[in-house]
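Me: Please take one residue on a helix and give a close look at its surroundings. Please then widen the view to the helices around it and to the chain.

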Amino acid sequence: MFPSLYISHGSPMLALEPGASGPALARIAGEMPRPKAIVMVSAHWESHELLVSGHPQPETWHDFGGFPKALFEVQYPAPGDPQLATEVVDLLKIAGLPARIDAKRPFDHGVWVPLSLMYPQADIPVVQVSLPTHGGPALQTRVGQALAILREQGVLLIGSGSITHNLRELDWHAGPESVEPWALEFRDWMIETLEANDEAALHDYRRLAPNAVRNHPSDEHLLPLYFARGAGGTFSVRHTGFTLGALGMDIYSFG
């Protein structure tokens, strides 16, 4: 059975400058069997309702600005999987989570940036599930639980965000050895609480975790963690690190 993964995808430039995360992602992919498909929740598909991407050949969406031309030339032509998308909708509905197909959704960079480092051949079908941020951690836990059965069918479930994500406080000249204490303290609390499997504390992280709001002024980049946790089993840390002083690049697995 596949684990579920939480991947901190960092800056879109990760696709061109993979640093330590690129080899870590490639290693993790190489340690698993080849999945028959991938289902992802990305921080960059916020929505009011639960949506599931159903396009058979999604486009690569460069949903950002201000980066080098070479980044806008990167393509990730993985296929979609309309049949799997329908199965995902059905599983969500069974769990009391109404969802519908979005037949036009392209791959945002929360999908194609990490996958380009894990599966550069872009030949594994990918389906996205949207992120209704208003539902908070509890909803994402339920979404993960509803789709956990897919792991038994050879499907890899991934939440893609960032363990810390305050773009206003990044130091664009900082090296990987430079880490802000407030970011490190939050990250360490998250690891300790995940290891303790304290779901109540995890769901109430904005009140209980140190520097929570400073690390996540809005929580769309942390919520995919709860999807991965809900879908998986035993927590383990697969990679840790920071870039730009305060942008956490951790990768976790569940199961």
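Reply: Thr-141 touches Glu-199, His-203, Tyr-226 and Gly-230, where residues up to four places away in sequence are not counted and contact means heavy atoms within 4.5 Å. The model is predicted, so that local features need pLDDT of at least 70 and side-chain atom pairs pLDDT 80 or more, while totals for chains, interfaces and linings use all residues. Residues are numbered from 1 along each chain as its sequence is written, and side-chain values use heavy atoms, with hydrogens and water left out.

Thr-141 lies in helix α5 (helices are DSSP runs of H or I with at least four residues, strands are E runs of at least two, and both are numbered from the N terminus). With a relative accessible area of 3%, Thr-141 is buried (under 20%, against over 50% for exposed and in between for partly exposed, using a 1.4 Å probe and protein chains only).

Two of the partners of Thr-141, Tyr-226 and Gly-230, also take part in the contact of α5 with α10. The axes of α5 and helix α10 (residues 223-231) come within 6 Å and cross at roughly 35° (lines fitted to C-alpha atoms over the stretch in contact, with angles from 0 to 180 degrees between N-to-C directions). This crossing is right-handed, meaning that the near helix is turned clockwise from the far one by less than a right angle, anticlockwise being left-handed. On the α5 side, the contact is made by Gly-136, Pro-137, Gln-140, Thr-141, Val-143, Gly-144, Gln-145 and Leu-147. Helix α10 supplies Leu-223, Tyr-226, Phe-227, Gly-230 and Ala-231. Seven of these residues are nonpolar, six are polar and none is charged (Ala, Val, Leu, Ile, Met, Phe, Trp, Tyr, Cys and Pro are nonpolar, Asp, Glu, Lys and Arg charged, the others, Gly among them, polar).

Helix α5 (residues 136-147) also meets helix α3 (residues 82-94), where the axes come within 9 Å and cross at roughly 115°. The crossing of α3 and α5 is likewise right-handed. Val-88, Leu-91 and Leu-92 of α3 face Val-143, Ala-146 and Leu-147 of α5 in this contact, which has six nonpolar residues and no polar or charged ones. Val-143 and Leu-147 thus appear in the contact with α10 and in that with α3.

The chain as a whole has ten helices and ten strands. Its C-alpha trace spans about 45 × 45 × 35 Å along the principal axes, and buried residues make up 60% of the 255 residues.
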